[in-house]
Amino acid sequence: MAADANCPPSLATEALFAYGSLLMRWESPDTNQPLANFELATNLFKQLAASQTTNQLGALALSELGDCNLQLGAYAAATNAYGQVMASPFASAGLRNRAQVGLGRVLEKMAEQTSAENRSALMDQALRNYLDVLYADDEADPFWVKKAGLLALPLLTAKNADQADRFIDRMEALL
């Protein structure tokens with residue numbers, strides 16, 4: 001559909017986005033490359049993000065790009081994509097929340113692969129991202145607040161039991 005000259009550009013863009021989303025959910029047909037579909041989706045979302053810089057679809061493509069890069073282990077690329085979403089004037093509050101949770105997840109993955117001295121700092125940064133979503137203004141998306149809370153809880157519990165108790169009280173009040 002996207003290659004059809006008679007296809008309206010907006011429909012072609014939506015079709016490319018849907019195809020990229022579908023690729024992320026399908027298993028790779030190549031058992032030797034289980035993440036091949038994420039690589040294909042990454043290329044599509046890069047194209048979409050570059051061509052849709054002035055609307056929400058471009059910010060959404062960047063978020064999906066971050067998710068793909070997270071799955072591929074390309075953590076620097078994932079943090080870059082999520083950072084662009086968080087800074088985008090076209091991203092909704094929910095999309096910014098999603099990107100911030102994604103950034104926290106990347107930081108946790110990075111912490112797993114580093115020395116003990118750097119691990120603590122990365123885990124603290126991940127926790128700050130989750131808490132920023134949890135304590136965001138009234139525009140925060142309830143789904144992402146819940147997700148941030150669930151991801152923050154084990155980090156808080158490991159760090160400070162008193163703070164975890166206050167956190168649980170906050171989560172009860174919100175949810």
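Two residues are in contact when they have heavy atoms within 4.5 Å of each other. Keep that in hand for the exercises below. This is a predicted model, where local features need pLDDT of at least 70, side-chain atom pairs count only at pLDDT 80 or more, and totals for chains, interfaces and linings use all residues. Residues are numbered from 1 along each chain as its sequence is written, and side-chain values use heavy atoms, with hydrogens and water left out.

**Exercise 1. Get your bearings in the chain.**

Work out how many helices and strands the chain has.

Step 1: Helices are DSSP runs of H or I with at least four residues, strands are runs of E with at least two, and both are numbered from the N terminus.

Step 2: Going by that, the chain has 8 helices and 0 strands.

Step 3: Now look at contacts between residues at least 6 apart in sequence: 54% of them join residues at least 24 apart.

Step 4: For burial, call a residue buried under 20% relative accessible area, exposed over 50%, and partly exposed in between, using a 1.4 Å probe and protein chains only. Buried residues then make up 41% of the 175 in the chain.

**Exercise 2. Check the span of α3, then see what surrounds this helix.**

Find the span that helix α3 should have at 1.5 Å a residue.

Step 1: The expected span is 1.5 Å times one less than the number of residues.

Step 2: α3 covers residues 56–72, so its 17 residues should span 24 Å, and the end C-alpha atoms are indeed 24 Å apart.

Step 3: Have a look at the ends. At the N-terminal one, Asn55 acts as a cap, with a side-chain oxygen 3.0 Å from the backbone nitrogen of Leu57. Just after the helix, Gly73 takes a positive phi of about 80°.

Step 4: Check the cover: 12 of the 17 residues of α3 are buried, including Leu62, Leu65 and Cys68. What covers the buried residues includes α1 (9–25), α2 (36–51), α4 (75–87) and α5.

**Exercise 3. Place Phe38.**

Decide whether Phe38 is buried or exposed, and list its contacts.

Step 1: Phe38 sits in helix α2.

Step 2: Its relative accessibility is 12%, so Phe38 counts as buried.

Step 3: Setting aside neighbours within four places in sequence, Phe38 touches Met24, Cys68, Gln71 and Leu72.

Step 4: Finally, try Asn69: this residue is 31 residues from Phe38 along the chain, yet their C-alpha atoms are separated by 7.9 Å.

Methods. A polar contact is a pair of N or O atoms within 3.5 Å; within protein, one must be able to donate a hydrogen and the other to accept it, and residues adjacent in sequence count only if both atoms are side-chain atoms.
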